[in-house]
Amino acid sequence: MARQGKKSRNEEFWALALERAHLGVWDWDIANGSCFYSPTWWRMLGYEEGELADTADLWLQLTHPDDRERALASGDAHIAGLTPSIETEIRLKHKQGHWVWVLDRGGVVERDALGKPVRLMGVQTDISKQKAAEAALEQVNVRFRLALAASGTGIWHYDMATNKSYWDARTRDIFGLVADTDEVTGDLWHSFLHPDDKEATERAHQPSPGSDAVTASQYRIIKRDGEIRHVESLVRFVAAAGTAGQVLGTVRDITEDKLREQELAFAARHDALTGLWNRSAFDRLLADHIATGVPLAVFYVDLDYFKALNDFAGHAAGDLALKSVAAGIGRCLPPSAHAARLGGDEFALLVPHCDAAQAERLASAILAAVRGADLGLAATSRRLAASIGIAMVHDHTTTVADALACADDACYAAKAAGRDRFAVFSAEANSGGLNAARLAADTVDAMEDGRLKLFGQEIHRLGRPWDESRHVEVLARLVGRGGRLIPPGEFIPAAERFGIAARLDRWIIRTALSLHGAAMKSGAITLGFNLSAQTLSDPALWDFVDSIIEETGAPHSGIGFEITETAAVTNFDAAETFVRKARERRCRVSLDDFGAGMSSFEYLRRFPVDAIKIDGSFIEHITESRFDREIVLAITSIGRSLGCDVVGEKIERQDTLGMLSDMGVAFGQGFLLHRPEPLEQVVTRATIMAGAVRKAS
Ligand code: C2E
Ligand code: CA
Ligand code: CA
């Protein structure tokens, strides 16, 4: 009874144990070929007990094709006595079609008299969950390895007890160990350290037992071929029971990062195009140099004609020119000097230990370098020059802004004096004189950037509507940087003084004729241009005027020139030639501001002009001043006898107009008749009037 009870408890016990452990049991009788599968086995695969014919090879039929060979081999090896037991992992097909990973363990449990196996028993454990976990872990590993590979991180450790180092393939690679066989001895790493970084790096790699802090350090290594690389290490101490512990670390080559860092730092301080310092870096350098009290020269270099080059030949050519100029300047400078591009076509230089004579020599060299700059194929016919301003700094209290402003002022003066030259800043020249210089320079810029405007003022035949004559005097206006209209009385004298008046006159003639050549050709309007003394003595002037006339179609007879007495005096012969050539072409010539110089009458005999314009100073007070009246009368009668028109200027009042008419002055100009307005408007009006006149006649 007790045995019985014990036996039944045992059976139940085993059944429960199998059940709980998810174990399936098989029992194979080799002799008669039958196989018993426990109820737990069936359930493990989703079947009712005996649902499939329980042949000896039923399990094999359910085994995944890829696993069959391995399963059979494992059984065969054991039966042949080669292995102490069967142990293999296989996939069995669940009733619902999925695969169940099982660990199959078993062995011979009975042999015949000859020792031949007759019965085998085994247990199959569902290990699907472990398998899934393994697969997941493998995935993590793969990702981890990938991440390590991608970050280029190597892993190493150092065993403190044995003084042995272990480097992975990447670490070996970083240090340039080619062969896998290169032995990594405990102190190999130290031999790679850059002498300047050695001490600090070794300190950072000292393990601090007990701490699990991670220490990061960056250092340089010298590879066996001499190459220097930057690396970064993360290091921590790992305690291990019973041993002195390990130092565990990663290592990563950061040479490229370092280079990029350096590049960024460089870019922050340099001009990308030329490689020279940029403005902020230059300001700092200049401040540092001034603070030392060392005498130095500050140069402000402004390129001339650069905008035209850029417009004409394109930005690529402009960039090339800037680079070439920068390189040329660089070649002129002593090693202690610094060059910066302040933006656009402006450069600044700072030359320590430089006296005025040295500065001037240097400036001449730079001017030559700029003239010789490579403008590329597209720009062979263009030239480039520079205006250079120099400020000498001796005083350590000078501010950067002041030093640059002085150099800038001198640069303006160089520009105004005709460009392609240098000027040294002097405090005396700066009082007043420099304003004119600046104004002249600004006038040059205005021609390039559209701030020079054409205005026109009608000249009337007194007592007749303007519609009938439609003659206009062209007057220049400068729109200052701040938008203010600067009258020619301010900027023309400056232009004359600094030698740019001829350029200005040409610009005005070219612009007016290109814009209004058609209206002139149609007879709608005639234009009078003021000429400076410099223009008058320009031998190439008529070639220029002729070519403009040819280009624009404006007729010679529609063009008049006004020359002043002062201009004529400046170069008498040139004025004479000018008038002769004008008459050959049937261009009109007027003597302007007549009477203002006392020898005016003398000129009238020498210049056979078409018109005399009586200076406004004789007109404005004519109603009150008998003297002025006498002068005007005299001029008028001379003019009449010489057959020239007489024009009264500056007519502001009706009584003045009446008096002039009575005195026989045939033409007049003044605010009363017309206030100067943009030439365009005058021409438009004239064109309409001309049409009306034609219709009427
Ligand atoms: P200008 O040739 O004697 O020109 C006449 C000047 O008198 C103009 O001044 C005109 O605006 C002004 N005006 C005309 N009617 C009156 C009036 O009723 N009252 C007063 N108070 N002024 C009157 P603007 O335009 O300021 O020109 C001044 C001078 O600048 C001109 O004197 C001329 O010598 C010179 N100028 C103007 N444009 C040019 C140019 O394109 N080239 C050159 N070389 N000189 C120019
Ligand atoms: Ca005039
Ligand atoms: Ca005048």
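In this predicted model, Asp-593 has a relative accessible area of 26% and is therefore partly exposed. Asp-592, at 5% relative accessibility, counts as buried, because the cut-off for buried is under 20%.

Both residues take part in a metal site. The calcium ion (ligand 3) is coordinated by an OD atom of Asp-592, an OD atom of Asp-593 and, through two OE entries, Glu-649, at 2.0 to 2.7 Å. Along the chain, the donors of this calcium ion follow the spacing D-D-x55-E. A second ion, the calcium ion (ligand 2), lies 4.1 Å from the calcium ion (ligand 3), and Asp-592 coordinates both.

The two aspartates also lead to ligand 1. Asp-592 is among the closest of the 22 residues that surround ligand 1, together with Gln-457, Arg-477, Glu-652 and Phe-671. For Asp-593, an N or O atom of the side chain is 3.3 Å from an oxygen atom of ligand 1. Further polar pairs involve Arg-477, with a polar side-chain atom 2.9 Å from a ligand 1 oxygen, and Asn-530, where the corresponding distance is 3.0 Å. On its own, ligand 1 has 790 Å² of accessible area, and the protein covers 81% of that.

The space that ligand 1 takes is the largest pocket. Several elements of secondary structure supply at least two residues each to the shell around ligand 1: strands E17 (471–479), E19 (526–531) and E21 (588–594), and helices H16 (488–497) and H17 (501–521). E17 gives the largest share of that shell, with four residues.

Conventions. Residues are numbered from 1 along each chain as its sequence is written. Chains are lettered from A and ligands numbered from 1 in the order in which they are written. This is a predicted model: local features need pLDDT of at least 70, side-chain atom pairs count only at pLDDT 80 or more; totals for chains, interfaces and linings use all residues. Side-chain values use heavy atoms; hydrogens and water are left out. Donors are N, O and S atoms within 2.8 Å of the metal (3.2 Å for Na, K and Ca); water is not among the atoms, so sites may look incomplete. Buried means under 20% relative accessible area, exposed over 50%, partly exposed in between (1.4 Å probe, protein chains only). A residue is near a molecule or strand if one of its heavy atoms lies within 4 Å of it. A polar contact is a pair of N or O atoms within 3.5 Å; within protein, one must be able to donate a hydrogen and the other to accept it, and residues adjacent in sequence count only if both atoms are side-chain atoms. Accessible areas come from the Shrake-Rupley method with a 1.4 Å probe; for residues, only the protein chains shown count as cover. On a 1 Å grid over the protein atoms alone, a cavity is a set of points where a 1.4 Å probe fits but cannot get out, and a pocket is an open set with protein on both sides within 12 Å along at least five of seven lines; lining residues have an atom within 4 Å of a point. A molecule sits in a cavity or pocket if more than half of its atoms lie within 2 Å of its grid points.
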